[in-house]
Every structure is written in structure tokens, then in C-alpha cells.
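Me: I would like a close look at one part of this protein and then at what else can be said about its side chains. Please take it step by step.

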Amino acid sequence: MDSAELLEQLADIHLPAAVSFWPPAPGWWLLAILLIAVLISSGIKIAAAIKSRRICAFALAELERIYTRYAQAEANAETQQVEAARLLFVNELNAVLRRVALWHYPDAGIASLGGRAWVDFIREKGDASRINEDIAAALREGRFRPHCDIDVEGLKEFGRHWISSLYQNRNAVLNAGKSNA
């Protein structure tokens, strides 16, 4: 037998079957699971941020609504009615601040705080850089006074600033938790 005959007896080269895309290698499964976990986590954080932004906007709108009601009463009323409207504004502002605080710190026993403890809580938890002694006295004792000589504009701006600072602090805490993880 010569070499030509031997070569004719050999079978053709069989190519292996094409590599299929399914099932993927274990590394791809891990990557897919990691990607899904990141997407779910990001979705939850985005939803929480959107909810927080909406609640902040609602609280600020409520503050604006009570201020508008006070401004209308001041423009259309006598001195006694302006005093009553000012007291009502102080009490309603206190209620808005308390509701916002209850949202952020539901287990802190805020509902029972009053007087100096309430003002101390406000100073401790939010940015109270705009609070002065008149505002503190109005928040502490406003509902018990027969009349209140408070700068309503300053009180409104304090409320707006304090509410905004709580939501900014909440987002900063969420972002800090994200960077520490």
C-alpha cells in the first residue's frame, strides 16, 4: 500500500458543532444577577427620592397655603382679626412642622413634645440657623398667648428653610449610605 491509498482511506475532518449561546457560562449568570440587583436597588432609591421630593413639595405647599390665608386675612381685616390670623398662622405652622417631623422621626415621640422640648427638637434635627428667640417663643408658646407679635415673614422663611433642610439631610444620609456600601 502506498501512501496515496492510505490517504484515501482516511475520513474527512469533522468540525465540532457551533458553540451555542444558551446556556451561558456561570460568569454571565453572576453578571446578570448583579445587574438585576443593581437595577432593583437603584429603582427603590429613585422611588424613595421621588416620594421624598413629593412630600417635601406638599409640605412647602401647605406652608404656602397657610401663609396665603394669613396674608389675605391681614389685607382684609381689622387689627383684632389680624392678631387672630397671626395666632392661627403660628399654630398651623407648628402643625405643619410637627407633621413633617413625624414623617422623618416616627419613633421619636414627637407628638407629645411641647414647649422647650419641641423647640430643642427642632434645633437638633433640622437646620435651625434662622431661628431666633422670637420664633422659638412663638413655636414654644404661640398657641397659649392671647396675642402674638411675631414677624410672620421670618417665621414662614424659617419654616420653609427647616422643612427643606430635613429633606436635604435625608437625601444626604441616603447618599452617604450609598457611598459607604
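In which loop is D151 found?

Reply: This is a predicted model, and in it D151 is found in the loop that runs between α5 (133–141) and α6 (152–180). D151 belongs to a negative surface patch, which is formed together with E74, D134, E153 and E157.

Turning from charges to rings, a search of the whole structure finds six aromatic pairs. One of them joins W22 and W29, whose ring centres are 5.6 Å apart and whose planes stand at 70°, so this pair is edge-to-face, planes over 60 degrees apart being counted that way. W22 is exposed, its relative accessible area being 60%, whereas W29, at 42% relative accessibility, counts as partly exposed.

Y105 and F121 also form an edge-to-face pair, with 5.6 Å from centre to centre and 90° between the planes. Y105 lies in the loop between α3 (79–104) and α4 (115–125), while F121 sits in helix α4, so the pair ties together parts that are 16 residues apart in sequence. As to their surroundings, Y105 counts as partly exposed at 25% relative accessibility, but F121 is buried, with a relative accessible area of 8%; the cut-off that matters here is 20%, under which a residue counts as buried.

Finally, ring pairs also link Y67, Y70 and F89 into a cluster.

Conventions. Residues are numbered from 1 along each chain as its sequence is written. This is a predicted model: local features need pLDDT of at least 70, side-chain atom pairs count only at pLDDT 80 or more; totals for chains, interfaces and linings use all residues. Side-chain values use heavy atoms; hydrogens and water are left out. Patches are made of residues with over 30% relative accessible area and no salt bridge: like charges are joined within 9 Å, nonpolar side chains (Val, Leu, Ile, Met, Phe, Trp, Tyr) within 5 Å. Accessible areas come from the Shrake-Rupley method with a 1.4 Å probe; for residues, only the protein chains shown count as cover. A salt bridge is a side-chain nitrogen of Lys or Arg within 4 Å of a carboxyl oxygen of Asp or Glu. Lys and Arg count as positive and Asp and Glu as negative; His and the chain ends are not counted. The place of a charge is taken as NZ of Lys, CZ of Arg, CG of Asp or CD of Glu. Helices (H or I, at least four residues) and strands (E, at least two) are DSSP runs, numbered from the N terminus. Rings of Phe, Tyr and Trp (its six-membered ring) pair if their centres lie within 6.5 Å; planes under 30 degrees apart count as stacked, over 60 as edge-to-face and the rest as tilted. Buried means under 20% relative accessible area, exposed over 50%, partly exposed in between (1.4 Å probe, protein chains only).
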